[in-house]
Amino acid sequence: MENKQIADFFVRIADLLEIQGENPFRIRSYRNAGRILADMPDSLDEMVRSGRNLQDISGIGSGISKKIVEIVETGRLKFLDEQMAKVPSRLPQLLRVEGLGPKKIKLFYDKLGIDSLDKLERAAKAGELRDLDGMGAKSEEKILKGIQNVRRGLGRFKLDVGLSYAQALVEYLKNVKGVKRLETSGSARRRRETVGDLDILAICDKNSPIMGKFTSYEGVEEVIASGETKSSVRLTCGLQVDVRVLERGSFGSGLQYFTGSKAHNIALRSRANERGLKLSEYGVFEISTGKKVAGREEKDVYKALGLPLIPPELREDRGEIEAAEKGTLPKLIELSDMRGDLHTHTRASDGKNTIGEMAEAGKKLGYEYIAITDHSKAVRIANGLDEERLAKQLREIDKVNSSLSGFRVLKGVEVDILADGSLDLSDEILKECEVVIAAVHSRFGMEEKEMTERIICALENPNVNVLAHPTGRLILAREPYKVGLKEVIRAAVDNNVCLEINAHPDRLDLRDVDAQMAKEMGAKISISTDAHSKVHLDLMKYGIFTAGRAWLEAKHVVNTLALSGLLKSIGNGK
DNA sequence: GCCGTTTTCGGCCCGACTGTTTTCAGTCG
């Protein structure tokens, strides 16, 4: 069973216990476990079967580890069944309605028998909710809006989408009178692959009209809250945006606080408490005296807790606090470390530009090289190249190179891994290439064992240098295919094949935690854009974001190397 | 339910905003 599915058992338990008004800390443990397990790169299924001690995972104790074993061995969990029997089956869905929590849901059910979204909507429309304790006409209205949003399926947005809205808003707010500083925080600042909302922080003069300007921004569909220090709106696209005004003296602690993650902050606050300190968005305070000891700059906040500044990308409570304490934080890779792009397309297959145009664009970015890697013939819809057309393409690359100085176009191809694990082009022509990228573009529905063998078979071909988008997922659109990633990584290491972090914001594949695992297993990583036009070469930054979240340094990534080092490292002629 | 170089028991992050309230509970991040 997939980790994600196992994690879901615990999220559901948390929801069910919450509605029953259980101990909130117990609920947090389950919710926490759900988060940790969903993010884990190692297969729990495998860990259980090989008898590994699950309690080694921080946040997993004896209770939950027993439950994981039960889930893996039987596919079910008695405890979850018991909880489900106590709560009407559709009640947890109501938690998705904004502004509706467990207490209200329980109240509605106890008093009015409401156990579904439809019944809730009917009751709200009929004005039956307003007579209940703590309810009124306004709460009914809010609930109706919340129901609408659930039905519209609003959820998370891809990082590039979130960042573009954030940038537009910052540009707009920058020009408001009295605004001194603006900063985007939250998951966008941590560069998560998706963002649920935007948190924009501001410093401004006392009587700046920032909040009024913000809530009247043209893209605002609905004002959810508007106060002096916090306002919250929903844009027409469905994205929620919060703006918070902070005092100059607590901007650092505010930035720290609103950047999160929640789990990182909780861990940090516990650490503060251990040291007789209290951490909030207003600063770090001595508990005994109430004296403020930090808050102006983010690095001061960490310093007050005995830590160096932790990069936002790492703030997920995945060991970064311990690493900071020991002084072993990585020096994260930066965009300026990149010397080239190893995965690009031209008009020969489904790209928009010529070899020369791609080269020129790459050179402009300060690169030393790019590899042209068009599709192979199996990808008919992309006009993939057969041996003959590829041979012609390689000669054209030679021609382009002869007209360039200080820059090199590498001869490459993105060759399809066929269903049986063989490659779509002959070894003879692959030998002519300097960068052979292998990729799966078909038969995504295979069983895991079959898919794993298929990919490993391709990695064993001595001509293959890179495995492109190793899991095939499209963020928010397509689940990854089933594959034994650990075995694939091991085969990549054994055969000196690089694993790609595909930088396209639709893919980001390998994802952060998997890339981190690959690094730890000793795999080489490449970061490339899969550009289908010259403007796509700019997407490299998203790959760098993901690499940062994977704790990667420049030395782990092959295309930070100069040309000769690169060719040697990827084992050309291995 | 998890966790522990002060603890195997007794803690567990902290504050803003809303809508309903004359002092606060619920929800959110």
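# From helix α2 to the DNA strand and beyond

At the start of helix α2, the backbone nitrogen of Phe25 has a side-chain oxygen of Asn23 within 2.8 Å. The structure is a predicted model, and this helix is a convenient place to enter it. The 16 residues of α2 should span 22 Å at 1.5 Å a residue, and its end C-alpha atoms lie 23 Å apart, which agrees. Several of its residues are buried: Ile27, Tyr30, Ala33, Gly34, Ile36 and Leu37. An α-helix has 3.6 residues a turn, so residues three or four places apart point the same way. The buried residues of α2 pack against α1 (3–19), α3 (44–49), α4 and α5 (78–86).

Helix α2 also leads to the DNA. Strand B of the DNA is surrounded by 44 residues, and the closest are Arg28, Gly59, Gly136, Tyr257 and Arg269. Of the atoms of strand B that come within 4 Å of the protein, 73% belong to sugar and phosphate. Three glycines show this kind of approach through their backbones. A polar backbone atom of Gly59 is 2.5 Å from a phosphate oxygen of DNA strand B. For Gly101, the distance from a polar backbone atom to a phosphate oxygen of the strand is 2.6 Å. For Gly136, the corresponding distance is 2.4 Å. Seven elements give two or more residues each to the surface near DNA strand B: α2 (24–39), α4 (62–74), α6 (102–112), α8 (137–151), β5 (220–226), α13 (262–274) and β8 (277–280). By residue type, this surface holds 14 nonpolar, 17 polar and 13 charged residues.

One of these elements, α8, contains Lys138. Lys138 has a relative accessible area of 73%, above the 50% cut-off, and therefore counts as exposed. From C-alpha to C-alpha, Lys138 is 42 Å from Arg76, and the two are 62 residues apart in sequence.

Another of the elements beside the strand is α13. A cis peptide bond comes before this helix: the bond joins Gly260 and Ser261, with omega about 0°. Ser261 itself sits in the loop between α12 and α13. Helix α13 has 13 residues and reaches 18 Å from its first C-alpha to its last, close to the 18 Å expected at 1.5 Å a residue. Its buried residues are Ala263, His264, Asn265, Leu268, Arg271 and Ala272. The cover over these buried residues includes α2, α12 (251–259), β8, α14 (298–304) and α15 (320–326). Just after α13, Gly276 has a positive phi of about 70°.

Further along the chain, the loop between β16 (498–502) and α21 (512–520) contains Leu510. The peptide bond that leads from Asp509 to Leu510 is cis, with omega near 10°. Leu508 lies in the loop between β16 and α21 as well. Although Leu508 is not a glycine, its phi is positive, at about 40°. With a relative accessibility of 2%, under the 20% cut-off, Leu508 counts as buried.

The loop between α22 and α23 holds another residue of this kind, Trp551. Trp551 is not a glycine, yet it has a positive phi of about 65°. The relative accessible area of Trp551 is 11%, so this residue is buried. Asn559 is also found in the loop between α22 (540–549) and α23 (563–569). What surface does Asn559 leave accessible? Its relative accessible area is 0%, so Asn559 is buried. A polar atom of the Asn559 side chain lies 2.6 Å from the backbone oxygen of Ile527.

The cysteines complete the tour. How many disulfides does a search of the whole structure find? The search finds zero. In the case of Cys457, the closest cysteine sulfur is in Cys433, and because it is 19 Å away, it is too far for a bond. A disulfide would need the two sulfur atoms within 2.5 Å. Cys457 counts as partly exposed, at 35% relative accessibility. Cys204 is buried, with a relative accessible area of 16%.

Conventions: Residues numbered from 1 in each chain as written. Chains lettered and ligands numbered in written order. Predicted model: local features only at pLDDT ≥ 70, side-chain atom pairs only at ≥ 80, totals over all residues. Heavy atoms only, no water. Near = heavy atom within 4 Å. Polar contact = N/O pair within 3.5 Å; in protein donor to acceptor, adjacent residues only side chain to side chain. Helix = DSSP H or I, 4+ residues; strand = E, 2+ residues; numbered from the N terminus. Nonpolar A, V, L, I, M, F, W, Y, C, P; charged D, E, K, R; others polar. Expected span 1.5 Å × (residues − 1). Buried < 20%, exposed > 50% of the residue type's maximum accessible area, 1.4 Å probe, protein only. Contact = heavy atoms within 4.5 Å.
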